[in-house]
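Here's a quick tour of one model, written with the bench in mind. Have the sequence and the 3D view open as you read.

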Amino acid sequence: MPSLNTKLMDSIPLNLPSREIQDKIAGLLDSIDSRIENNNKVNQELESMAKTIYDYWLLQFEFPNDDGKPYKSSGGKMVWNDELKKEIPEGWECVQLGEIFLFVKGKIPKRLAGIQEDGLHPYITIDVANNAKAEFCSGENMIYCNGEVIMVMDGAASGDVYIGNKGILGSTFAMMKKKRTDISDALIYSILKRQSVIYKKANTGSTVPHANRRFIESIKMPISKNMMNLRVNFIQQNMKRHKGFRYRLILPLIENV
C-alpha cells in the first residue's frame, strides 16, 4: 500500500517571505474576511428590512399616512375589492404582476473570455449571481442588466430572484423590466421574494424545472395607484427621526418607489 514519504517532504526546500511580510499578508486577508462578513451582515439586514416593509405596507396596510402614522390602525379608510375579496386602502387597486413588469429573457453569447477585454462585460450566470468569478462577453445583440431584478427561469433554482447585478444577462435568467415608473426594483424584488413560495409550486417541466412565467404574471395583489406618495411620506417622516445606520440602509429600498 502506498504511503507518504515524510522524510522526503521534510527535505523539500521552501522559499518563504520574512515573518514581517507574512504578518502583513495575514493582516490583509483578515481585513478582507472582515469586510466580507460585514457585507453579508448588511445584506441580511437589508433583506430583513425589505420583508418588513413589504409586510407592513402591502399586507397589513400600515404604510405611513400624511401624518407619518400607520395608515390602517390610525383609521385610514378601507374599501372592499371584489377581485381580492377583502378590504384595501382607499386609492389602491388590484393588479396582476404582469402589469408591473415584463420578462426579458437572457441569451447565450457567441464567445466567452476569461479576462475583461475592451468592449466586454461580465456575463451573469447563477454562479456569478452567487459571487463567483465572472467570464466576459460582448454586449452586441445581448440583454444588459443594470441592477434590475432577475429570475432564474430554468433548472433546479427556477424562481429564485436576485437584484443588483450588472452585466450581460445569462440565458438561464430573465430580467424583470419595470412597466411603472413609480415602482422600484427593490419593491419588485420584495414582492417576488414574498410570492416565491406560491409561484414555485407552479413550476413546469418534469425533468428540468422551468419558472412558470404566465402563472407569475397572473398573480394578483393590492397596490397603491401612486407608490410615489408612500415614498415621500416615509422619507419626510423619517429624515429627522432616523439618521443612523438603519435609516441609511433602508432608504435605498424605498427611495425609488
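Which residues form a nonpolar patch on the surface? Bear in mind that this is a predicted model. The patch is made up of I21, I25, L28, L29, I32 and I36, and together they offer about 540 Å² of accessible area. One of them, I25, sits in helix α2, which covers residues 19-59. I25 has a relative accessibility of 44%, so it counts as partly exposed, given that this class lies between 20% and 50%.

Now for a residue in another helix. Q195 belongs to helix α4, residues 185-199. Is Q195 buried or exposed? Its relative accessible area is 11%, and because the cut-off for buried is under 20%, Q195 is buried. If you skip the neighbours within four places in sequence, Q195 is in contact with Y54 and I219.

Here are the two residues side by side:

| Residue | Helix | Relative accessible area | Class |
|---|---|---|---|
| I25 | α2 (residues 19-59) | 44% | partly exposed |
| Q195 | α4 (residues 185-199) | 11% | buried |

On to the strands. An open sheet is built from 4 strands, ordered β6-β5-β10-β7, with mixed pairing. The edges are β6 (135-138) and β7 (144-146); each has a single partner strand, so one side of each has no neighbour in the sheet. On average, neighbouring strands here are turned by 55° against each other, ignoring direction.

Inside that order, β5 (residues 120-124) and β10 (residues 166-169) run parallel and are joined by 2 bridges. Y123, for its part, has I168 in β10 as its bridge partner.

Notes. Residues numbered from 1 in each chain as written. Predicted model: local features only at pLDDT ≥ 70, side-chain atom pairs only at ≥ 80, totals over all residues. Heavy atoms only, no water. Buried < 20%, exposed > 50% of the residue type's maximum accessible area, 1.4 Å probe, protein only. Contact = heavy atoms within 4.5 Å. Patch = residues over 30% accessible without salt bridge, like charges linked within 9 Å, V, L, I, M, F, W, Y side chains within 5 Å. Areas by Shrake-Rupley, 256 points an atom, 1.4 Å probe, with all protein chains shown as cover. Salt bridge = Lys/Arg side-chain N within 4 Å of Asp/Glu carboxyl O. Pairing = 2+ DSSP bridges. Axes fitted to C-alpha atoms, helices over the stretch in contact; angles between N-to-C directions.
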